[in-house]
Amino acid sequence: KDWYPRLIGITWASNKTAWMNTITFTEFIKEFDATMMRRHGGEEVLLLMDNAPSHKLEEGVVLQCTKIAFLPPNTTTHLQPMDAGIIANFKHHYKKLATRAQL
């Protein structure tokens with residue numbers, strides 16, 4: 001079945017490597033910034049991010065109301081302990097569904 005992420009409020013993107021890259025990240029952040037402008041009327045919002053190499057904006061991009069603050073290096077596992085469990089759970093369910101689809 002076809003599904004339409006925007007109809008249910010999901011921002012979705014893909015690329016050949018299935019990894020986040022600077023271009024995809026920049027597109028996401030620009031859309032996020034526009035959404036925050038609409039929802040908060042230009043009031044500044046803070047977005048906390050880990051310091052993954054792909055979390056860099058393309059040169060020349062100016063955000064209107066989004067301020068990005070990066071966590072210090074090597075602190076994500078300490079500051080976001082749920083990440084490991086959530087990601088492991090997602091992978092488990094994804095692999096289970098992918099296996100079922102192949103059978």
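Biologist: What share of the contacts in the chain with a separation of 6 or more comes from residues 24 or more positions apart?

Modeller: In this predicted model, such residues account for 43% of those contacts. A contact here requires heavy atoms within 4.5 Å.

Biologist: How is the chain arranged along the sequence?

Modeller: The pattern is α-β-β-α-α, with three helices and two strands in the chain.

Biologist: How do you know that the span of helix H1 is close to the one expected?

Modeller: H1 covers residues 22-40, which gives 19 residues. The expected span is 1.5 Å times one less than that number of residues, and the result is 27 Å. From first C-alpha to last, H1 reaches 26 Å, so the two values are close.

Biologist: What makes asparagine 21 a cap for H1?

Modeller: A side-chain oxygen of asparagine 21 lies 3.1 Å from the backbone nitrogen of isoleucine 23, at the N-terminal end of H1. The cut-off for a polar contact is 3.5 Å, so this pair falls within it. After H1 comes glycine 41, whose phi is positive, near 60°.

Biologist: Which residues of H1 are buried, and what covers them?

Modeller: Thr24, Phe25, Thr26, Ile29, Asp33, Thr35 and Met36 are buried, that is, under 20% relative accessible area. Their cover includes strand S1 (45-49) and strand S2 (66-70).

Biologist: Why are S1 and S2 said to pair?

Modeller: Pairing requires at least two bridges. S1 and S2 have five bridges, in the parallel sense, and therefore qualify as paired. Valine 45 stands opposite threonine 66 in S2.

Biologist: How do you know that the side chains of S1 alternate?

Modeller: Val45, Leu47 and Met49 point to one face and are buried. Leu46 and Leu48 point to the other face and are not buried.

Biologist: Why is the set of Phe25, Ile29, Leu47, Met49, Leu63 and Ile68 called a nonpolar core?

Modeller: A nonpolar core consists of buried residues of listed types, among them Leu, Ile, Met and Phe, joined through side-chain atoms within 4.5 Å. These six residues meet that rule and therefore form a core, the largest in the model. H1 and S1 each supply at least two of its residues.

Biologist: With which residues is phenylalanine 25 in contact, leaving aside its neighbours within four places in sequence?

Modeller: Phenylalanine 25 is in contact with Met20, Met49, Ser54, His55, Lys56 and Leu57.

Biologist: What percentage of the chain is buried, and what supplies the area that the chain exposes?

Modeller: Buried residues make up 19% of the 103 residues. The chain exposes about 8800 Å², and carbon and sulfur atoms supply 60% of that area.

Methods:
Residues are numbered from 1 along each chain as its sequence is written. This is a predicted model: local features need pLDDT of at least 70, side-chain atom pairs count only at pLDDT 80 or more; totals for chains, interfaces and linings use all residues. Side-chain values use heavy atoms; hydrogens and water are left out. Helices (H or I, at least four residues) and strands (E, at least two) are DSSP runs, numbered from the N terminus. Buried means under 20% relative accessible area, exposed over 50%, partly exposed in between (1.4 Å probe, protein chains only). A polar contact is a pair of N or O atoms within 3.5 Å; within protein, one must be able to donate a hydrogen and the other to accept it, and residues adjacent in sequence count only if both atoms are side-chain atoms. Accessible areas come from the Shrake-Rupley method with a 1.4 Å probe; for residues, only the protein chains shown count as cover.
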